[in-house]
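Welcome, and thanks for taking a look at this one with me. Below are a few notes to read alongside the sequence and the 3D view.

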Amino acid sequence: MSKSAEQKINAIVIGAGGVGVVTAYSLYHNGVAEVSLVTRSDYDHVVEFGYKLESCDYGQIDSWKPHNVYKTVEDASAAEKFFDYIIVTTKNIPDGPKDSTVHAILKPVIESNHELDPKKLTNVVLVQNGIDIEKEVLEHFEKSTYNLCLLSGVQLIASTKVGPGHVVQKGKDNVSFGSFDKTDEVAVEQAKKLASIYHNEGHNTGAFDDNVRRTRWNKLLYNAAINTTTALVGLDVSRCFEFASKKESTEFGIFRPAMQEIAAIAASENIAIDEDLIEFFNEEVRNIMYKPSMCVDVENGRLMELEILLGNPIRTAKANGVQTPTLCLLYNLLILVQNKLKEQKKLIEFNEETLKLVV
Ligand SMILES: *[C@@H]1O[C@H](CO)[C@@H](O)[C@H](O)[C@H]1NC(C)=O
Ligand SMILES: *[C@@H]1O[C@H](CO)[C@@H](O)[C@H](O)[C@H]1NC(C)=O
């Protein structure tokens with residue numbers, strides 16, 4: 001069967017920042033999928049002019065339009081299209097504004113899929129950081145009722161939106177897709193299929209990952225220890241090493257203990273972290289001038305992905321009886337920073353007469 005004779009696979013990407021737009025383009029590139037994109041802020045611009053991409057993977061593209069563009073997820077759900085793959089590339093902030101949590105974003109399209117064809121599979125693909133992020137989705141949508149496959153995407157990329165409809169991608173795109181539940185054979189097949197649609201030989205990388213949890217715990221080693229510390233103190237990684245007492249206290253008093261605690265929590269979940277990674281991160285990253293996105297978020301007054309990075313692993317540690325003093329201290333301090341940001345954004349209110357939060 002020729003590709004055009006096959007029924008096209010419908011994919012929708014929710015979250016049209018620098019990363020989401022490249023993700024949508026990668027899906028579009030080999031012509032197998034019909035690609036929809038949700039973009040609120042750039043909608044008018046993109047409908048008229050398309051995207052301008054300056055991409056290290058695809059070269060310069062002056063005017064690219066996905067097959068369909070929607071301003072909101074509600075508009076997408078009204079389009080009478082069944083989306084085989086719902087791909088979420090937004091930040092994951094469960095403690096953020098109610099309309100921007102992952103389950104709230106998914107609701108309209110999961111429900112419209114269900115109404116259109118309750119027997120067909122809906123793949124929910126979370127291309128996001130953190131651990132246990134699939135649980136929020138499963139708490140709000142019953143897997144069998146909605147016929148869901150929960151897929152994970154772990155993405156390495158550097159891409160930024162620099163203006164309306166204008167994206168500059170400087171770091172190559174590499175996504176590993178897998179099933180959150182590796183015993184779910186249906187989801188495993190769907191992840192393999194998605195990786196093959198996504199991969200464009202000679203351009204980007206889309207690969208199948210057979211152990212998503214291990215991949216995510218490995219990634220957490222860096223993110224939970226280093227992103228968090230830089231965000232707390234507002235310094236890039238190299239300065240965090242160098243500004244330490246005897247140039248040692250950050251590494252030996254914070255980074256390594258935090259990483260050991262992550263490894264211990266993972267071990268309590270029967271996941272063996274590659275301990276060489278702890279050496280690698282501490283030896284190598286100090287030599288690269290770098291400010292993690294979490295630090296940049298705080299500097300720009302944006303909420304942090306705190307719960308999926310520290311909150312969830314600490315809850316697992318508590319449940320499994322693992323001691324995590326370093327992670328808990330980082331977490332408790334960052335909760336204060338998060339609430340400071342929320343107060344600035346008027347998401348919470350403090351009454352200086354009663355000295356209490358207004359609820
Ligand atoms: C893509 O990332 C994976 C780890 O997530 C790595 O093993 C692989 O080598 C990378 N591939 C390329 C082409 O960079
Ligand atoms: C942590 O920092 C790395 C490097 O900027 C980034 O790839 C990752 O998305 C960050 N994770 C979180 C949760 O902020």
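**Notes for a first look**

1. Let's begin with helix α5, which spans residues 133-140 and has Ile-133, Glu-134, Glu-136 and Val-137 as its buried residues. These four lie on the same side of α5, because the arc they cover around the axis is only 155°. The general rule behind this is worth keeping in mind: an α-helix has 3.6 residues a turn, so residues three or four places apart point the same way. Please remember as you read on that this is a predicted model.

2. What do the buried residues of α5 pack against? Their partners are three helices and two strands, listed here by element: α4 (102-116), α8 (212-233) and α13 (306-320) among the helices, and β7 (122-127) and β8 (148-163) among the strands. You may like to colour these elements in your viewer, since some of them come back below.

3. Helix α8 turns up again at ligand 2, where α8 and α12 (293-299) each supply at least two residues of the surrounding shell. The residues around ligand 2 are Asn-129, Asn-223, Asn-227, Tyr-290, Pro-292, Ser-293, Met-294, Glu-305 and Leu-309.

4. Three of these neighbours are worth a closer look for their polar atoms. In Asn-227, a polar side-chain atom lies 2.4 Å from an oxygen atom of ligand 2. Asn-129 also uses its side chain, with an N or O atom 2.8 Å from an oxygen atom of the ligand. Ser-293 takes part through its backbone instead: a polar atom there is 3.1 Å from an oxygen atom of ligand 2. On its own, ligand 2 exposes 360 Å², and the protein buries 83% of that area.

5. Which residues surround ligand 1? They are Leu-156, Asn-174 and Thr-205. A polar side-chain atom of Asn-174 lies 2.4 Å from an oxygen atom of ligand 1. Taken alone, ligand 1 has 370 Å² of accessible area, of which the protein covers 32%.

6. For a piece of strand architecture, turn to β3 (residues 51-55) and β4 (residues 59-64). These strands run antiparallel and are joined by 4 bridges. Together they form a hairpin, with 3 residues between them. To find your place in the pairing, start at Leu-53, whose bridge partner in β4 is Ile-61.

7. Two residues deserve a check of their backbone angles. Asn-147 is not a glycine, yet it has a positive phi of about 55°. Its place is in the loop between α6 (143-146) and β8. Is Asn-147 buried, partly exposed or exposed? With a relative accessibility of 22%, Asn-147 counts as partly exposed.

8. Lys-247 is the other residue to check: it too is not a glycine, and its phi is positive at about 55°. You will find Lys-247 in the loop between α9 (237-242) and α10 (249-268). Its relative accessible area is 48%, so Lys-247 is partly exposed; the cut-off for exposed is over 50%.

9. Finally, where is Lys-120? Look in the loop between α4 and β7. Lys-120 is partly exposed, at 28% relative accessible area. Along the chain, Lys-120 and Val-188 are 68 residues apart, and their C-alpha atoms are separated by 16 Å.

Notes: Residues are numbered from 1 along each chain as its sequence is written. Chains are lettered from A and ligands numbered from 1 in the order in which they are written. This is a predicted model: local features need pLDDT of at least 70, side-chain atom pairs count only at pLDDT 80 or more; totals for chains, interfaces and linings use all residues. Side-chain values use heavy atoms; hydrogens and water are left out. Two strands pair if DSSP finds at least two bridges between them. Buried means under 20% relative accessible area, exposed over 50%, partly exposed in between (1.4 Å probe, protein chains only). The arc is that of the directions from the helix axis to the C-beta atoms. Contact means heavy atoms within 4.5 Å. A residue is near a molecule or strand if one of its heavy atoms lies within 4 Å of it. A polar contact is a pair of N or O atoms within 3.5 Å; within protein, one must be able to donate a hydrogen and the other to accept it, and residues adjacent in sequence count only if both atoms are side-chain atoms. Accessible areas come from the Shrake-Rupley method with a 1.4 Å probe; for residues, only the protein chains shown count as cover.
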